[in-house]
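Colleague: I'd like to learn how to read a model like this one, feature by feature. Could you walk me through it?

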Amino acid sequence: MFLKKFINKPENVVDEMVEGFLAAHSDVVRKLETSRVLVRKEAPIEGKVGLVTGGGSGHKPAFIGYIGENLLDAVAVGDIFASPSAKQIYDAIKACDSGKGVLCVLGNYSGDVMNFDMAVEMARDEGIKVEQVIINDDVGSAPKEKKENRRGVAGEVVVWKAIGAKAAKGASLEEVKEIAERVNNNTRSMGVAHSPCAVPSKMYGGEPTFTLGEMEMEIGVGHHGEPGVKRMQMKTADEITEMLTEPVLKDLPFEKGDRVSVLINGLGSTSLLEMYIIYRKLTQILEDKGISIAISWIGEFFTSLEMGGFSITLTRLDDELEELLKMPARAPLFRYP
Amino acid sequence: MVSSKIVSILQEIVKVLEGKQEELNRLDANIGDGDHGRTVAGAFKNVLKQEKELEGKDIGEALQIIGRTLAFSTGAATGPLYGSAFIEAGKKLKGKEKLSLEDWKEALSGAVEGVKRRGKAEVGDKTMLDTLYPMAKSLEDSIEKGESLKEALLKAKDAAKRGMESTKELVSKRGRSSRLGERTKGHIDPGAASSYYVIETIIKSCLKGE
């Protein structure tokens with residue numbers, strides 16, 4: 001099975017994408033001269049904690065689409081599905097530190113964790129105040145007792161929105177870090193996919209890294225083309241929504257009276273048409289449980305190339321988190337309200 | 001000259017890894033996202049760009065420079081792990097211009113420790129450690145038996161190969177592939193394979209003409 005793509009030489013995919021992105025959004029973003037790091041034009045911003053993230057390419061709008069006002073300051077851009085290098089992350093940290101310190105947020109993947117660790121060490125050696133928070137919201141990837149093994153998935157977007165707002169208010173590094181941890185601890189996600197993605201490796205496309213039978217789907221799917229945890233026959237949108245929401249609700253647990261933000265995240269080739277059908281069922285489930293929805297985001301926020309699938313992310317809110325998530329924000333690929 | 005020998009070994013490594021790129025990508029596609037061949041070949045190609053930095057350095061310094069480039073400029077899990085292996089090996093070879101069997105053993109032990117510490121893996125987790133550790137053990141063994149350097153290196157190379165092959169039946173416990181659990185059985189680990197090819201190339205180059 002070969003998945004076709006509109007690319008030139010496969011080895012130039014990410015660099016060419018970056019060039020195009022810069023051309024389209026040069027009013028907001030610039031690239032460091034000697035490093036594949038994209039930085040907010042105004043960075044470093046006096047009196048504001050710098051916000052750095054990074055990860056593999058192939059997840060658009062993540063990560064670079066979130067660089068902007070009341071959002072992120074710098075992003076280290078890795079190869080497709082691969083962690084950026086420690087040097088890139090270190091360069092990103094330096095580029096947005098105005099003296100108030102830098103918070104790094106990353107998904108729980110061994111490559112990213114190792115490279116961020118080294119970069120943070122290097123930056124600290126130079127006297128830069130840096131902290132990091134590792135996101136691990138994916139219920140599908142490990143049981144609750146092994147939460148430290150869970151992947152970071154779409155929940156990271158909610159973290160970015162919250163810290164973007166908190167940092168913009170002039171909060172200290174410790175305060176911004178606490179918000180990142182609070183959102184992470186109160187967020188749970190779960191995904192499903194029925195068709196794979198392919199890393200561009202040949203002319204005109206690439207082979208998917210897993211195949212599913214014609215009527216199969218996979219629950220607990222990953223964001224890098226790695227298959228998930230349980231494979232089964234396709235079900236209806238309502239049934240699948242129940243299958244994903246139930247473990248998410250149980251895991252925190254979310255309770256009657258809770259207020260939540262909802263993120264329905266398309267993984268790349270799932271239509272908005274489908275996502276609204278899913279959201280319809282989700283609202284019924286939450287109403288039934290006495291859980292109210294303060295904010296909802298439906299669309300593509302953290303994709304996996306052209307994977308056919310979606311994830312549901314719920315975050316339990318308190319007054320402060322709700323206020324932060326509702327703060328206006330503007331970036332090339334994310335706008336609120 | 002030490003550095004010119006090291007540079008020629010690096011060139012050989014790049015050549016071999018480029019030749020093995022498809023195979024390594026395929027191994028990685030089985031249990032990951034299919035890019036390990038490209039990543040590790042690119043990593044060493046990048047190191048070659050630092051050729052000038054290696055001039056006049058002894059073996060220990062050269063390995064640390066190579067390691068730092070690998071660790072900081074590669075990305076993926078490959079960079080930090082290979083980088084740690086070379087840096088820690090290099091630390092054991094301070095001032096050396098020629099290597100004895102004892103030096104080789106020290107270097108490999110260093111590499112094993114570096115990878116263990118950085119990657120938080122154990123032998124048997126289905127990683128490059130399963131290639132490096134048997135090699136280190138084999139060298140220790142050869143020292144005890146009083147074998148010649150050449151004999152010891154050839155034995156160590158075989159031990160590394162068997163270590164790589166042993167990863168086939170292991171269940172992955174570290175890294176992205178660990179998410180797949182039992183599904184990783186029946187597939188050789190790509191990092192174990194690439195580290196074998198790197199070590200095989202180094203040993204072959206060092207023994208050339210002996």
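Modeller: Let's begin with strands: two of them count as paired if DSSP finds at least two bridges between them. Keep in mind throughout that this is a predicted model.

Colleague: Then through how many residues does the hairpin join β2(A) to β3(A)?

Modeller: The hairpin connects the two through 5 residues. Strand β2 of chain A covers residues 29-31, and its pairing with β3(A) is antiparallel, over 3 bridges. To see one of the matched pairs, find A:Val29: its bridge partner in β3(A) is A:Arg40.

Colleague: Which strand is joined to β3(A) by 3 bridges and covers residues 74-80?

Modeller: That is strand β5 of chain A, and β3(A) and β5(A) run antiparallel. Here you can look at A:Val39, whose bridge partner in β5(A) is A:Ala74.

Colleague: What about the side chains, and which residues point one way from strand β3 of chain A?

Modeller: The general idea is that side chains in a regular strand alternate between the two faces of the sheet. In strand β3 (residues 37-40) of chain A, A:Val37 and A:Val39 point one way, while A:Leu38 and A:Arg40 point the other way. All four are buried, A:Arg40 included.

Colleague: Let's go to the open sheet of chain A: in what order do its 6 strands come?

Modeller: First the general bit: strands of a sheet pair through backbone hydrogen bonds, and the pairing can be parallel or antiparallel. In chain A, the order of this open sheet is β11-β10-β8-β14-β12-β13, with mixed pairing. At the edges sit β11 (230-233) and β13 (292-299) of chain A, each of which pairs on one side only. From one strand to the next, the twist averages 15 degrees.

Colleague: How many bridges join strand β8 to strand β14 in chain A?

Modeller: There are 8 bridges between β8 (residues 187-195) and β14 (residues 308-316) of chain A, and the two strands run antiparallel. As a spot to check, A:Val192 has A:Phe310 as its bridge partner in β14(A).

Colleague: Zooming out, what does the domain assignment give for chain A?

Modeller: The assignment splits chain A into domain 1 (10-185) and domain 2 (187-328). Their centres, taken over C-alpha atoms, are 22 Å apart. The contact draws on 31 residues of domain 1 of chain A and 37 residues of domain 2 of chain A. On the domain 1 side, α4 (155-168) and α5 (173-185) of chain A each supply at least two residues, and α4(A) gives the most, with 8 residues. By class, that side of domain 1 holds 15 nonpolar, 7 polar and 9 charged residues.

Colleague: And between the chains, how many residues of chain B are in contact with chain A?

Modeller: Chain B puts in 22 residues, against 24 residues of chain A. On the chain B side, α2, α5 (59-73) and α6 (78-91) each supply at least two residues. The largest share, 3 residues, comes from α5(B). The chain B side divides into 7 nonpolar, 9 polar and 6 charged residues.

Colleague: Since α2(B) has come up, at roughly what angle do the axes of α2 and α3 of chain B cross?

Modeller: Two packed helices are described by the angle between their axes and the distance between the axes. For α2 (residues 21-31) and α3 (residues 36-48) of chain B, the axes come within 6 Å and cross at roughly 130 degrees. That makes α2(B) oblique to α3(B). The contact includes B:Leu24, B:Leu27 and B:Asp28 of α2(B) and B:Val40 and B:Ala41 of α3(B). Its residues split into 4 nonpolar, 4 polar and 4 charged.

Colleague: How do α2(B) and α10(B) compare: what is their crossing angle?

Modeller: Those axes come within 9 Å and cross at roughly 160 degrees. That makes α2(B) roughly antiparallel to α10(B). B:Leu24, B:Leu27 and B:Asp28 of α2(B) meet B:Pro190, B:Ala193 and B:Ser194 of α10(B). The classes in this contact are 4 nonpolar, 1 polar and 1 charged.

Colleague: One last residue: is B:Leu180 buried or exposed?

Modeller: A residue counts as buried when 20 or more other C-beta atoms lie within 10 Å of its own. B:Leu180 has 21 within that distance, so B:Leu180 is buried. B:Leu180 lies in the loop between α9 (149-166) and α10 (190-207) of chain B.

Technical notes:
Residues are numbered from 1 along each chain as its sequence is written. Chains are lettered from A and ligands numbered from 1 in the order in which they are written. This is a predicted model: local features need pLDDT of at least 70, side-chain atom pairs count only at pLDDT 80 or more; totals for chains, interfaces and linings use all residues. A residue is buried if 20 or more other C-beta atoms lie within 10 Å of its own, exposed if 12 or fewer, and partly exposed in between; C-beta atoms are placed from the backbone. Axes are lines fitted to C-alpha atoms, for helices over the stretch in contact, and angles run from 0 to 180 degrees between N-to-C directions. Angles under 35 degrees count as roughly parallel, over 145 as roughly antiparallel, 65 to 115 as roughly perpendicular and the rest as oblique. Two residues are in contact if their C-beta atoms, placed from the backbone, lie within 7 Å. Ala, Val, Leu, Ile, Met, Phe, Trp, Tyr, Cys and Pro count as nonpolar, Asp, Glu, Lys and Arg as charged, and the others, Gly among them, as polar. Domain bounds come from an automatic or database domain assignment.
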